[in-house]
Amino acid sequence: MVSKRLSREAGHKRKFLAIVDETPECDRAVAYASRRAKSTNGSVVLLFVIEPGDFQHWLGVEQIMREEAMTNAQSALNSYAAKIRETVGIEPELVVREGKTVEEIHKLIEEDQDIAILVLGAGGAKEGPGPLVSSIAGKGAAFPIPVTVVPHSLTDEEVESLA
């Protein structure tokens, strides 16, 4: 069960959560979330999750790999943040977590009671819509807030008109 959402109470803003990762559909999710936040006087949170298991090496190598992953995460978030500032004119909140992606999304939603909408991008590959979108239907993996799934094929103009 998710804690009560505070986004509609005085002093709070509804936040749209978008996941930043290496997938091409991520761009569409971030574009929609930021434009929707702007049009509804809300804000956007960008989350990058560093998956565990990539660091199962000797201690020195593990630390170097962890630092590289953190640098890559910050770089990806900063790139999207700059794009949001330039195109939409709002300041996104940037969050980096280490863990399993679905678990970290759940934790962040529980911790930040202003997050009211999760925005995911659907991939266009024939293998399926992507791991996050697929997890919505997975047993026990459903997210505790509404989820908006944005098709990867939408143009910027289409995203703008829908948001």
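**Legends to close-up views of the predicted model**

**View 1. Beyond the neighbours within four places in sequence, S43 is in contact with K13, R14, K15, F16 and A37.** The model shown here and in the views that follow is predicted. S43 belongs to strand 2, which spans residues 43–50. Because its relative accessibility is 16%, and buried means under 20%, S43 counts as buried. Of its contacts, A37 is itself among the buried residues of helix 1.

**View 2. N41 occupies the loop between helix 1 and strand 2.** The residue follows helix 1 and has a positive phi, near 60 degrees. N41 is not a glycine. Most residues other than glycine have a negative phi. With a relative accessible area of 57%, where exposed means over 50%, N41 is therefore classed as exposed. S43, in strand 2, is by contrast buried at 16% relative accessibility.

**View 3. Five strands form an open sheet in the order 3-2-1-4-5, with parallel pairing.** Strand 3 (93–98) and strand 5 (147–151) are the edge strands, each pairing on one side only. Neighbouring strands are turned against each other by 30 degrees on average, direction ignored. The pairing of strand 2 with strand 3 is parallel and comprises six bridges. Within this region, I50 stands opposite E98 of strand 3. Read along the sequence, strands and helices follow the pattern β-α-β-α-β-α-β-α-β-α, and the chain contains five helices and five strands in total.

**View 4. Helix 1 lies across strand 1, strand 2, strand 4 and strand 5.** The helix runs at about 165 degrees to strand 1. Its 14 residues reach 20 Å from the first C-alpha to the last, close to the 20 Å expected at 1.5 Å a residue. Helix 1 is mostly covered, with eleven of the 14 residues buried. The buried residues are C26, D27, R28, A29, V30, A31, Y32, A33, S34, R35 and A37. Charged names such as D27, R28 and R35 thus appear in this list beside A29, V30 and A31.

**View 5. A29, in helix 1, is in contact with A18, V119, L120, G121 and V150, leaving aside its neighbours within four places in sequence.** At 1% relative accessibility, A29 counts as buried. The C-alpha atoms of A29 and L120 are separated by 5.3 Å, although the two residues are 91 residues apart along the chain. In the chain as a whole, 74% of the contacts between residues at least 6 apart in sequence join residues at least 24 apart.

**View 6. V150 lies in strand 5 and touches R28, A29, Y32, V119, L120, G121 and A122, not counting residues up to four places away in sequence.** V150 is buried, with a relative accessible area of 3%. Three of the residues that V150 touches, R28, A29 and Y32, are also buried residues of helix 1. From V150 to C26, the C-alpha to C-alpha distance is 9.3 Å, and the two are 124 residues apart in sequence. Strand 5 is an edge strand of the sheet.

**View 7. The largest nonpolar core holds 29 residues, of which V20, V30, V44, L46, F48, I84 and V119 touch the most other members.** Strand 1 (15–20), helix 1 (26–39), strand 2, helix 2 (59–87) and strand 4 (115–122) each supply at least two residues of this core. Helix 1 gives the most, with seven residues. A second, separate core has 14 residues, including L108, L118, L120 and F143. In soluble globular proteins, nonpolar side chains tend to be buried together.

**View 8. I84 touches V30, S34, V44, L46, G89, I90 and P92, not counting residues up to four places away in sequence.** Among these partners, V30, V44 and L46 are listed with I84 as residues that touch the most other members of the largest nonpolar core. V30 and S34 are buried residues of helix 1.

**View 9. The whole chain exposes about 8900 Å².** Carbon and sulfur atoms supply 54% of this area. Buried residues make up 45% of the 163 residues in the chain.

Methods. Residues are numbered from 1 along each chain as its sequence is written. This is a predicted model: local features need pLDDT of at least 70, side-chain atom pairs count only at pLDDT 80 or more; totals for chains, interfaces and linings use all residues. Side-chain values use heavy atoms; hydrogens and water are left out. Helices (H or I, at least four residues) and strands (E, at least two) are DSSP runs, numbered from the N terminus. Buried means under 20% relative accessible area, exposed over 50%, partly exposed in between (1.4 Å probe, protein chains only). Contact means heavy atoms within 4.5 Å. A nonpolar core is a set of buried Ala, Val, Leu, Ile, Met, Phe, Trp, Tyr and Cys residues joined through side-chain atoms within 4.5 Å. Accessible areas come from the Shrake-Rupley method with a 1.4 Å probe; for residues, only the protein chains shown count as cover. Two strands pair if DSSP finds at least two bridges between them. Axes are lines fitted to C-alpha atoms, for helices over the stretch in contact, and angles run from 0 to 180 degrees between N-to-C directions. The expected span of a helix is 1.5 Å times one less than its number of residues.
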